[in-house]
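Please open the model in your viewer and keep the sequence panel visible beside it. The tour below proceeds by selections, each followed by an account of what is found there.

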Amino acid sequence: MHTRSTGQRMLLVTHRSDRAVVIALRGEVDLESVEPLRLALDREARQGGVPVVLDLSAVEFADTAMINVLLRARPGLGDRLRLAAPSALVMRLLRVLSLDEVFTIRAGRAACLEV
């Protein structure tokens, strides 16, 4: 397990198993706090292999900085990148930007492994 915090704004926790890498975010994901997420996704794109499940259930605020990081990670991760349980705010942001059909989005972590 790897944990990174950007002050009180965002907490990122990574869990690795033989089936997936789960990156769980909590708090606010914006321009000031998004860098650990970008680094984590870049690292996973270089390593290859198992699905990368991004648990967004505890994200209280997100803006286009998070969306840009996800879009930049998509070519390197492809279908391995899966979004689990986006909070209502994140889901609304994805829908407004018409990205809810671009990413694999499931109701929970386990459902992301069944894709």
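## Strand 5 and its neighbours

This is a predicted model. Begin by selecting strand 5, whose two faces are both covered: Leu81 and Leu83 are buried on one side, and Arg82 and Ala84 are buried on the other.

Next, add strand 4 to the selection. Strand 4 and strand 5 pair in the parallel sense, and four bridges link them. To locate one of these positions, select Val52, whose bridge partner in strand 5 is Leu81. Now follow the chain between the two strands: it leaves strand 4, passes through helix 2 and arrives at strand 5, and this β-α-β crossover is right-handed.

Turn then to strand 6, residues 104-106, which runs parallel to strand 5 and is joined to it by three bridges. Here, select Arg82 together with its bridge partner in strand 6, Thr104. The chain goes from strand 5 through helix 3 to strand 6, which is again a β-α-β crossover, and it is right-handed.

## Helix 2

Select residues 64-77, which form helix 2. How far apart are the end C-alpha atoms of this helix? They are 19 Å apart; at 1.5 Å a residue, the 14 residues should span 20 Å, so the two values agree.

At the start of the helix, display the side chain of Asp63. One of its side-chain oxygens reaches to within 2.9 Å of the backbone nitrogen of Ala65. At the other end, helix 2 is followed by Gly78, which has a positive phi, near 55°.

Now colour the buried residues of helix 2: Ala65, Met66, Ile67, Val69, Leu70, Ala73 and Leu77. An α-helix has 3.6 residues a turn, so residues three or four places apart point the same way. With that in mind, look along the helix at Met66, Val69 and Ala73, which are among the buried residues. Which elements do the buried residues of helix 2 pack against? They pack against strand 3 (21-29), helix 1 (35-47), strand 4 (52-62), strand 5 (81-84) and helix 3 (88-96).

## Strand 3

Move next to strand 3. Is this strand largely enclosed or largely open? Seven of its nine residues are buried, so strand 3 is largely enclosed by the rest of the structure.

Add strand 2, residues 10-16, to the view. Strand 2 and strand 3 run antiparallel and are joined by seven bridges. One pair to select is His15 with its bridge partner in strand 3, Val22. The connection between these two strands is a hairpin of four residues.

Keep Val22 selected and look towards strand 4, where Val53 stands opposite Val22. Strand 3 and strand 4 run parallel, with eight bridges joining them. The chain travels from strand 3 through helix 1 to strand 4, and this β-α-β crossover is right-handed.

Within strand 3, select Arg26. Setting aside residues up to four places away in sequence, Arg26 touches Arg9, Met10, Leu11 and Ala58. For a distance exercise, draw a line from the C-alpha atom of Arg26 to that of Leu37: the two residues are 11 Å apart in space and 11 residues apart in sequence.

## Two loop residues

Select Ala85, in the loop between strand 5 and helix 3. Its phi is positive, near 45°, although Ala85 is a residue other than glycine.

Then select Ser98, in the loop between helix 3 and strand 6. Ser98 is not a glycine either, yet its phi is positive, at about 55°. Is Ser98 buried or exposed? Ser98 counts as exposed, because its relative accessibility is 53%, where over 50% is the cut-off.

## The whole chain

Finally, clear the selection and display the entire chain. It holds four helices and six strands. Read from the N terminus, these elements follow the order β-β-β-α-β-α-β-α-β-α. The radius of gyration is 13 Å, close to the 13 Å that the globule rule gives for 115 residues, so the chain is as compact as a globular protein of that length.

Taken along the principal axes, the C-alpha atoms fill a box of roughly 30 × 30 × 25 Å. Of the 115 residues, 47% count as buried. Among contacts with a separation of 6 or more, 64% are between residues 24 or more positions apart.

How values were computed. Residues numbered from 1 in each chain as written. Predicted model: local features only at pLDDT ≥ 70, side-chain atom pairs only at ≥ 80, totals over all residues. Heavy atoms only, no water. Expected span 1.5 Å × (residues − 1). Buried < 20%, exposed > 50% of the residue type's maximum accessible area, 1.4 Å probe, protein only. Contact = heavy atoms within 4.5 Å. Polar contact = N/O pair within 3.5 Å; in protein donor to acceptor, adjacent residues only side chain to side chain. Pairing = 2+ DSSP bridges. Right-handed = clockwise from strand over helix to strand, strands pointing away. Rg over C-alpha atoms; globule rule 2.2 N^0.38 Å.
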